[in-house]
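Colleague: I'm new to this structure and would like a close look at a single part of it, the aromatic rings and how they pair up. Could you walk me through that, and then show me what else is worth finding along the way?

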Amino acid sequence: MDNIYLLMIIALAVLAIADLVVGVSNDAVNFLNSAIGSKAISFKTIMIIASLGIACGAIFSSGLMEVARKGIFNPGEFYFQEIMFIFMAVMITDILLLDFFNTLGMPTSTTVSIVFELLGAAVAMSLLKIGAANGDFSDVVNYINTSKAIQIISGILLSVFVAFTIGAIVQWISRLLLSYNFEKKAKWVGALFGGVALSSMVYFILMKGIKGTPFAGESFSILGGMKIKDFLEAEVFSIVIVNFIVWSLLSYIFIHIAKINIYKVIIGVGTFALALAFAGNDLVNFIGVPIAAWQSYEAWVASGVPATEFSMDVLAKKVPTPTVLLFVAGIIMVATLWLSKKARYVADTEINLSREGEAKERFQPNFFSRGLVRMSSNISTYFNSLLPKGVKANMDKRFEKPVIALSQDKVHKLPAFDMVRAAVNLMVAGILISIATSYKLPLSTTYVTFMVAMGTSLADRAWGAESAVYRVAGVLNVIGGWFGTAIIAFISAGTILTLINFGQGAAIAILLFAAILLLVRNYSAYNKKAKEQKAEDSLNRAESSSVQGVIEESANNIANVLKRTNKIYTNSINGLAKQDLELLKKNKKQGTKLSDEIEDLRNHLFFFIKNLDEANVGASNFYINTLGHLTDIAQSLEYIGKVSHKHVNNNHKKLKYNQIKEIKELDLELEKLFANTQQIFENRSFEEIGSTLEMKEGLFQLMSDKIERQVARTRTEESSPKNTTLYFSILTESKDLVEVVFELLELYYVEHDSSVKPAKVEPSEPA
């Protein structure tokens, strides 16, 4: 039995490595987004700065492992075996939960997850102990460090509101003072802004860096015999003032003499500071539990007391973490930062929610987002009406964005937001985390950085009428995910702890195997999704400014749509014939995905038309008609996929043999049409459209014959109204689909012929 605990320690060490990888993929969003979104620094430079910050933060985090040992529960109330079960349940839950959110591309809090997992597992173990002793379940409070747990939870929740509010206020003031023409302001303005930002960030680095090292406990006579840590906390005002003066002067030198962009310096220092804070603050969330388990194991082995009788009072003492373990953890975190694709996927969520102007919106509006936007709009209108017109006009001018050419090739290369907002994001997040650290208040770096970014976006008027409901819906989804994290973490950890307590070694083995399978499955699902997004048959936006150019560019899209149409239509028919619900379900999603992609093309018509010159305005009409036909094709496919799935999902009668045979005959004919049309557009062989158009009359006659046969069957032998409805629905929608394909072919045939310039004829000599 003793060997099982050593195996558990090994398993926890492996889980710690996996948790570091998963955790960095999630939390990289905290310190990368501002630099990436502003494009102030090259991506490689950002990664180098962040890597240095992580490495320093990891090494300086030795004093931050107390939460795992005694922050949530009272360790003296548990025996060694029970503590090991708690730690194992926590780590299995944590890695699965974080990987789940990473796969969704949703930022969540590693702090919240670890806190509620420890709480859930500890509560479950306490209830099991009380139940076994026939005790009073109200005694559970004796096992839990309630005051500390409440402080941690309330601090985390409060940070959401505070971060959003402070971020919005500071950004509004900064934009009012600097406007969007900040680089043209007087040098002293940039120097003062640099002084405020850099002094706050340097103090933040001192608080988060030095405090975690043995150096923080040193006393110096120059400080009046005071320890460095105490000096940093006691002399905040003096340190900040001196810092501000020094950095303001240096900022002026950077701007005036060295000709360095001070905003890029701020973003670089801020990225380093937040990376350092992340590693120093959140490392406990990844390796705190395994290290606490290892230290518990060492104490138990030295005691010689049975595992079921050895009290874990030892965890209540402060035990330093070996530096070598922190160093190894830092290396793993840095490697993950460079290699993880999921980290960039999670980062995209926050960047797009705070992006200036248009973006591909991931979230759909809901009742709450519409209500909040409507209420905010009404409040804004009311307060604007109270302001004098001159003041309002002057303020609006400060928030007036510079006019930038709207060509599509440039729109997607523009930064998501400017350097002022990026600097404010980093500065405010750093200040708030510094204040919380100095007052020993727990908070989530994820919550703080995300809500600061959302607050600055709101204040900067990045959420306009075109995007507000989508962005607010996104923020609500992320916040809802945070609360979901807490609830799921608590329940899951408690459930897994119960299974481990009753199944012990066998349960641990099964749970670890299940965790590995789920991780592999999530990894495969993510890779599949990433490949789908890069698939060769994805649709591309037209960028040409001439009819001939649009014909060429749209040909690829039409070929891809026809290729996918062929597959989706055939899968619908095959799914019905075989009653294959899984195939129909996937096929229905493919139809919706195609429809969404075409809708995305339509959403960018504005930029396409803006990009046209006066001589080629006719291209817009052709492109609009082309998109209209593609939309009709997608709608027909979506409808056929939906009714087919609904029929089988509701367990209605299977189509009769003759119905399946006839509809399969139609599928084979349409397969020829779609394949021929796809080949025409792929090869740009538009001269062959004429021969394909000759299929039109025969196909329509075929569908009319099948409709007449079904009418006859319905009058004599058909007994299922649902079958009749489904069959007619597929036939009539197929007829619409074919009609649209031929209309598209005719449109291209006519436009292609008219775009061919006639041969130049030389004037004849007069007779």
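Modeller: Let's settle one term before anything else: a residue is called buried when its relative accessible area is under 20%, exposed when over 50%, and partly exposed in between. Gly591 makes an easy trial case, because at 2% relative accessibility it counts as buried. You'll find Gly591 in helix H20, which covers residues 581-603. Its C-alpha atom is 10.0 Å from that of Lys567, a residue 24 positions away along the chain. Keep in mind that this is a predicted model.

Now to the rings. Going by ring centres that lie within 6.5 Å of each other, the count is 13 aromatic pairs. Take Tyr5 and Trp300: their ring centres are 5.3 Å apart and the planes meet at 70 degrees, so this pair is edge-to-face. The cut-off behind that label is an angle over 60 degrees. Tyr5 sits in helix H1 (residues 2-38) and Trp300 in helix H10 (residues 262-303), so the pair ties together parts that are 295 residues apart in sequence. Are these two buried or exposed? Tyr5 has 2% relative accessibility and so counts as buried; Trp300, at 7%, counts as buried too.

For another pair, look at Phe700 and Phe742. Their centres are 6.5 Å apart with 50 degrees between the planes, and the pair is tilted. Phe700 belongs to helix H25 (residues 695-716) and Phe742 to helix H26 (residues 721-755), so here the ring pair ties together parts 42 residues apart in sequence. Phe742 is buried, with a relative accessible area of 0%, and Phe700 is buried as well, at 17%.

Back to Tyr5 for a moment. Ring pairs link Tyr5 into a cluster with Phe80, Trp294, Tyr297 and Trp300, so if you click on those five residues you can follow the links yourself.

Rings can also have a charge over them. Arg175 lies over the face of Tyr180, at 3.7 Å from the ring centre. Arg713 does the same with Tyr727, at 5.7 Å from the ring centre.

While you have Arg175 on screen, have a look at the helices. Helix H6 spans residues 146-178 and packs against helix H5 (residues 110-132), with the axes 11 Å apart and an angle of about 150 degrees. An angle over 145 degrees counts as roughly antiparallel, and that is therefore how H5 and H6 run relative to each other. Their crossing is left-handed.

Helix H2 is a good one for following a single helix from end to end. With 17 residues (43-59), H2 reaches 25 Å from its first C-alpha to its last, close to the 24 Å expected. Its buried residues include Ile46, Met47, Ile49, Ile54 and Ala58, along with the glycines Gly53 and Gly57.

Last stop: two glutamines with an unexpected backbone angle. Gln504 has a positive phi of about 50 degrees although it is not a glycine, and its place is in helix H18 (residues 468-533). Gln504 is partly exposed, with a relative accessible area of 27%. Gln579 has a positive phi too, near 55 degrees, but you'll find Gln579 in the loop between helix H19 (547-578) and H20. Gln579 is partly exposed, at 28%.

Conventions: Residues are numbered from 1 along each chain as its sequence is written. This is a predicted model: local features need pLDDT of at least 70, side-chain atom pairs count only at pLDDT 80 or more; totals for chains, interfaces and linings use all residues. Side-chain values use heavy atoms; hydrogens and water are left out. Helices (H or I, at least four residues) and strands (E, at least two) are DSSP runs, numbered from the N terminus. The expected span of a helix is 1.5 Å times one less than its number of residues. Buried means under 20% relative accessible area, exposed over 50%, partly exposed in between (1.4 Å probe, protein chains only). Rings of Phe, Tyr and Trp (its six-membered ring) pair if their centres lie within 6.5 Å; planes under 30 degrees apart count as stacked, over 60 as edge-to-face and the rest as tilted. A charge sits over a ring if NZ of Lys or CZ of Arg is within 6 Å of the ring centre and within 35 degrees of the ring normal. Axes are lines fitted to C-alpha atoms, for helices over the stretch in contact, and angles run from 0 to 180 degrees between N-to-C directions. Angles under 35 degrees count as roughly parallel, over 145 as roughly antiparallel, 65 to 115 as roughly perpendicular and the rest as oblique. A crossing is left-handed if the near helix is turned anticlockwise from the far one by less than a right angle, and right-handed if clockwise.
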